[in-house]
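Biologist: I am new to this structure and would love a close look at a single part of it, the sheet in chain B. Could you walk me through how its strands are arranged?

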Amino acid sequence: MHILVVDDSSTMRDLLTSCLSQQHEVTSANDGEDGLNLASAESFDLVITDLNMPKMDGLTFARKLRECEDYRYKPILVLTTNAEIETKKQGKVAGVTGWIIKPFDPEQLNSIVHRIIDQ
Amino acid sequence: MSIDLSQFYQSFFEESFELLEDFEKTLLEIDIDKYDVEQVNTIFRVIHSIKGNSGTFNFTAIRDFTHVLETYLNQVRNNNTRLTLNSVQVLLNSTDCLRVMLVELQKDLTVDVETENSKKIIELVQSYIDRKEDDSYSGCEVKADIEKINNELDDLSTEIKLPNRIETTSIRVSVDKIDELINNVGELVIVQLMIQDITDSFAMHKLQELKEAVSVLVNTSRDLRDGVLRIRMLPVSYVFNRYSRMVKNLESRLGKRINLNISGEHTELDKTVLEKISDPIAHIIRNSADHGLETTRERKKTSKPEVGQIFLNAYYEGGGVIVEIGDDGKGLNKEKIKNKAIENKIIKPEDDYSDDEIYSLIFEPGFSTADEVTDLSGRGVGMDVVKTNITDLGGSIDVHSIVGEGAIFVVRLPLTLAIIESQLIRICNQTFIISMVSIVESIKIDESNISHVTLNSEVYKFRNQFIPIIRVCDQFKLDKKLSREKYLVIVDVQGKLIGLAVDELLSQQQVVIKNFSQNYKKIEGISGATILADGEVGLIIDVYGLVNASITNWAGNSKLPDEILEAGD
């Protein structure tokens, strides 16, 4: 599995990468714009993105990703501290598959990723 | 499978400190009247990231602290409330507070606790959040509240001890500079091998080869020396950047609107010089903000823009660096200074002084014209201390002022304290040293070009202009019988040419400056000494001081004699 991780925090990118890279191939990006460029160059099986990022936020990124033929049905997970109903509604419209709420347990993250893939 | 989170702590701390720098920088750029969405987004994002990361690593105190800030900033972001001078100040304080918390946590991961300051800040920010929800505040209550907050803030700013960002024991050097040094050392090794090779089996026909090798050695070692000195050079932004924050603090404390304009921040200075001028400059800025700039009301009355300007500029001039600190305030009060000086018996009422002379009285010990001692400038540290600090570094300070338009302090500083390129001269059988940077050129004296203006002053006709002559042997009270002045060393002092009469010109070389110990009395016009190649001690002439000292003998005219300079042909 090839996973794209999009987060503006370098600590978060490092953490996610090392959590996931034991079983998957992981590529990371700084923001939505960067992520979109990477996603168009390569086909990822799963995308995990942060919400609050400079240049392009996570929801805009998800929406744009859904517009691409290749990512119409691929899972997009949002990693966030903000789990308000309103945000989730907006996420649904943008095409978000699921939510991982920060702080998260690395093992929990892996099991979520597995569940998503098995579906 | 389990992940050891501790391997990411270092990354977390580094990123958090970087984020806080951004946060602080953006906050300082925010103009309360017209900030843009992007600025708010940036500061929100920083706090959001720190909160998210600290939550992940279970640093609960930092998470809870940033959570409150985030809630407030989210309201700002959604236009439910606006940033105010007060809230920006509190946010700035929160960066200090977060830094302290992070530093403590980094030292000991179990110290994840709230501090007194973080509690206070949380309380303040919470009150902003609550206020938005409860709009029933009457005007009077709001005012009282702001006063309360201001008081609290004063407490905070005195309590928070910022981790000192200037470390005296270490220095950050760019890799480029180090590479250059390694390169130099490489060349030095090669030339050493060359010399060794030549001398191992030396014969007279190899003399030329040896000379060449030695000249390479001279060049390489000079490059190495320059390189090493450059390590000590830091851009002035190193200290200038701290003043933005200080001015922000002054703004809220004084209730004035102040804008700090910084330019020339890439000018480089020796680290020691830089560290030592940091406080004097801060003091001058505080003075400008406190005494120089008028209150907003006064500015309105005189139809000046409401926001007062303070300028901070640095640039190279000659062999040194000039730092200018100016403001567009009311300027120095000549009468007040004069009266105070008379009162303190520094001058006599009947004496006649030029404007600049009166202004320079503020550098006299124990001089303060402020009617009431304010919290800021009236801390017993006067401009005399500022002046002493700067002259101790081999620098000087001047002040110029125009009533109603502002004042400017001009600080001259040497680039480095250690080594100077110099011209060795001989006067009355003694060797003196003049820094090359002040020398324009040296000429042989043609007696017919000398004219006497008054009894004690002479001028020299130099390319159709007349320049004053200073006879160094008179100035230093040397034995006139030994003197046979043949040359004129023409120096540039504040843009004006002065001729120094000397007996002989010797070689040009680099000298290592040795400071006099405290046992010796300060001699006007001598800045230090050096040991020459033959072991003799050579005194280093401080051209600026020498010219100033001789000018005081100049028929009561303390300025450079313009009228003589412009006498023309």
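Modeller: Gladly! Let us begin with a word we will need: two strands pair if DSSP finds at least two bridges between them. Please keep in mind that this is a predicted model.

With that in hand, look at strand E4 (residues 308-317) and strand E5 (residues 320-327) of chain B, which pair in the antiparallel sense over eight bridges. To find one of these links by eye, start at B:Asn313 and cross to E5(B), where its bridge partner is B:Glu324.

Now step back to the whole sheet. E4 and E5 belong to an open sheet of five strands in chain B, and the order across the sheet is E2-E4-E5-E7-E6. The pairing in this sheet is mixed. At its edges you will find strand E2 (258-263) and strand E6 (396-402) of chain B, each of which pairs on one side only. If you compare neighbouring strands of this sheet, they are turned by 15° against each other on average, with direction ignored.

Next, bring a helix into view. Helix H10 (residues 271-292) of chain B lies across E2, E4, E5 and strand E7 (406-414) of chain B. Against E5(B), helix H10 of chain B runs at about 20°. So much for the sheet and its helix.

A last glance goes to where the chains meet: the contact takes 16 residues from chain B and 19 residues from chain A. On the chain A side, helix H1 (10-20) and helix H5 (106-118) each supply at least two residues, and the largest share, seven residues, comes from H1(A).

Technical notes
Residues are numbered from 1 along each chain as its sequence is written. Chains are lettered from A and ligands numbered from 1 in the order in which they are written. This is a predicted model: local features need pLDDT of at least 70, side-chain atom pairs count only at pLDDT 80 or more; totals for chains, interfaces and linings use all residues. Two residues are in contact if their C-beta atoms, placed from the backbone, lie within 7 Å. Helices (H or I, at least four residues) and strands (E, at least two) are DSSP runs, numbered from the N terminus. Axes are lines fitted to C-alpha atoms, for helices over the stretch in contact, and angles run from 0 to 180 degrees between N-to-C directions.
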